[in-house]
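Hello,

Here is the structure we talked about. Please open it beside this email, as the notes below follow it piece by piece.

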Amino acid sequence: MENIILGTAGHIDHGKTSLIKALTGIETDRLKEEKERGITIELGFASLDLPNGRHIGIVDMPGHEKFVKNMVAGSSGIDVVVMVIAADEGVMPQTREHMEICNLMGIRHGMIALTKTDLVDEDLLELAMDDIHDFIIDTFLEDQPIVPVSSATGQGLEKFLTTLEEICTQIPPRKFSSIFRLPVDRVFSMKGFGTVITGTLISGQVRVGQDIMVFPRKITSKVRGLQVHSSSVETAMAGTRTAINFQGLDREAVFRGDILSTPGALIESYMVDAEFHYLKSNAKPAKARTRVRFHSGTSEILGYMVLLDRESLLPGDTAPVQFRLESPVCCIKDDRYVIRSYSPVKTIGGGAILNPVSQKYKLKDRAMIEGLSGLAEEDDEKTIAYFLSIKGYSGLSFNALRVMTNVPDKKLTAALQKMLAKQAAVLTDKEKQIYVHGSVFDEFKEKVLERLTAYHQENPLKEGMPAQELKSKFQYVDDARFFNILFHRLEKENLIVLDKNLVKLSEFKVALQVDQHEIKEKIAGIYKKSGLTPPFFRTICRDLDLDQKTGKDVMQMLIDEKQVVKTKDDLFFDAGAVNDLETKLIEFLKANDKMTTPQFKEMTGISRKYLIPLIEYFDAIHLTIRVEDHRQLRKKPA
Ligand SMILES: Nc1nc2c(ncn2[C@@H]2O[C@H](COP(=O)(O)OP(=O)(O)OP(=O)(O)O)[C@@H](O)[C@H]2O)c(=O)[nH]1
């Protein structure tokens, strides 16, 4: 049987502490001031064994309006709430506020103790009952038992216990994360023991001898002793009120609001995103940016609440928000929190954490914000994928994923394995256990392929791009190991070939092994030698065993360097030969004004195959112009 944590709630002086004392014999008001003033300021702790042997840890919460923040602190980790309402007063302001806080904290089980029945007659008791029935409509206590009791006379206490027992059997086991966490309620020193810290162990477990870290201060220490419900134990499990005795931990260094965990397990953040329910009881809509008090675990932190998807939020509505805090928190996903207004102080809403380690959003981050609302659903793979996708190339470690997703270790490992298998995630660092989203790899793949394609186009005769040069184009992938892993995946997919520090697309082939300069010289020589009767270019390529693309690139160079002249299609001429011809042509036209094709043939002694392309070339460069069946100079000679 699992342990259960019970919390009391209710308006000041309605009899919470007296009820616990009547049930357990334990006086939870232990501060001197509390005794003197007769009210509960701090959280009180007690425990109770039910008739069926089940052990219950009790957190007695303060009812005074000023101490609601301690009440919030106490309510994290509570399974069942006893709402205490005095028969002589009925539902009062803090009865309502506590109910709202319990709702916001996600508490789903409870009952009502109608106390001080000895002070009222039948009629008044009935009136109080009616009052309560109206009050619990649409709350988690609707349809839950109401048990009249008197702590003064003991009347109804037995019925109270059997009812509580029955409720406890209905509480399903809690879904605990694997991370050991204990929000600090109290710190004190005991003679001969040193520093003792108490709190509710809200997830994971802790054992004697274990190293712990106090967050967000990051002080480390070792567990010397553990007590659960006043007995020493070796290991304490989630869902128990726990006292931990530390070896060499300064009492002054730890405060309520801190949180104990294992070294490095939590991540502190000044920004968290959450689903926020704005209580119906608020009078005005919430503004886009509101100064608030953020309560989570046992801490209260000042900050701003920023609406993420709207300009204002109506009472009763729920929306994604970001909290920007003055000091860091160490939340994990799904943690419940409560928001109180800055001044006057009043509970205005709360909900569950969606992204415990967030950042400021820019306009382009719309998709990230939209993705947040999907996180409230419990789909492990989707949640993991969301966080991996927003982290891009840097990815997330297994450790960070535990915090971000709140998925217990075994399930997290299984989900990641599944995602790796279908390439929805890539493990980029085995040692540090870093995962990136599958789409990050796809994006990288696209970019590398694009880069290499461009490189091959620019350098058709180079066998490949130096790997170092390629890497330098991806400065934003700052982890060399990560780069190499993605790189090798491209190789595995047969998209690229890595050889002697050169990378190339696998489909790319350099046609020639001779170097570019040599080919160029050879081709230039052929044109020089053949003068006005050159071979077709395709013939040259064939004779030299050149692939067309390489040949074309070399030819382009010869044209650029003005070594050859391009006429139509596949026919190129040595630039020197064409120049000589041009001089002769100009001389002839100056002397004769015009020239027919047969005259041109006579002058050059070449066949029409070369003649026509050359004549058309001189027209194209605007040296000559065709008039009827002859050519003349386009510009009259000076
Ligand atoms: N007659 C009578 N008096 C009661 C009963 N329960 C509590 N009281 C008295 O009511 C006063 C307040 O009781 P507490 O138990 O301190 O009330 P509380 O709700 O714990 O108060 P806070 O923790 O300060 O919010 C005390 O003087 C109690 O003696 C009861 O059943 N009958």
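In helix α7 (residues 366-374), three residues are buried: Met368, Ile369 and Leu372. Keep in mind that this is a predicted model. The buried residues span an arc of only 100° around the axis, so they sit on the same side of α7. An α-helix has 3.6 residues a turn, so residues three or four places apart point the same way.

What do the buried residues of α7 pack against? Their partners are β17 (269-278), β22 (347-355) and α8. Ala367 and Glu370 are exposed, on the face of α7 turned away from its buried side.

Now follow α8 to the sheet. Helix α8 covers residues 380-391 and lies across β23, β24 and β25. Its direction is at about 85° to β25. A second helix, α11 (residues 438-458), also packs on the sheet. Helix α11 touches β24 and β25, and makes an angle of about 70° with β25.

The sheet itself is open and has three strands, in the order β23-β25-β24. Their pairing is antiparallel. Why is one side of β23 and of β24 left without a neighbour in the sheet? Both β23 (396-397) and β24 (425-429) stand at the edges with a single partner strand each, so one side of each stays unpaired in the sheet.

Two bridges join β23 to β25 (residues 434-437), in the antiparallel sense. To find the pairing on screen, start at Leu396: its bridge partner in β25 is Tyr435.

Best wishes

Definitions and conventions: Residues numbered from 1 in each chain as written. Predicted model: local features only at pLDDT ≥ 70, side-chain atom pairs only at ≥ 80, totals over all residues. Heavy atoms only, no water. Pairing = 2+ DSSP bridges. Helix = DSSP H or I, 4+ residues; strand = E, 2+ residues; numbered from the N terminus. Contact = heavy atoms within 4.5 Å. Axes fitted to C-alpha atoms, helices over the stretch in contact; angles between N-to-C directions. Buried < 20%, exposed > 50% of the residue type's maximum accessible area, 1.4 Å probe, protein only. Arc of directions from axis to C-beta.
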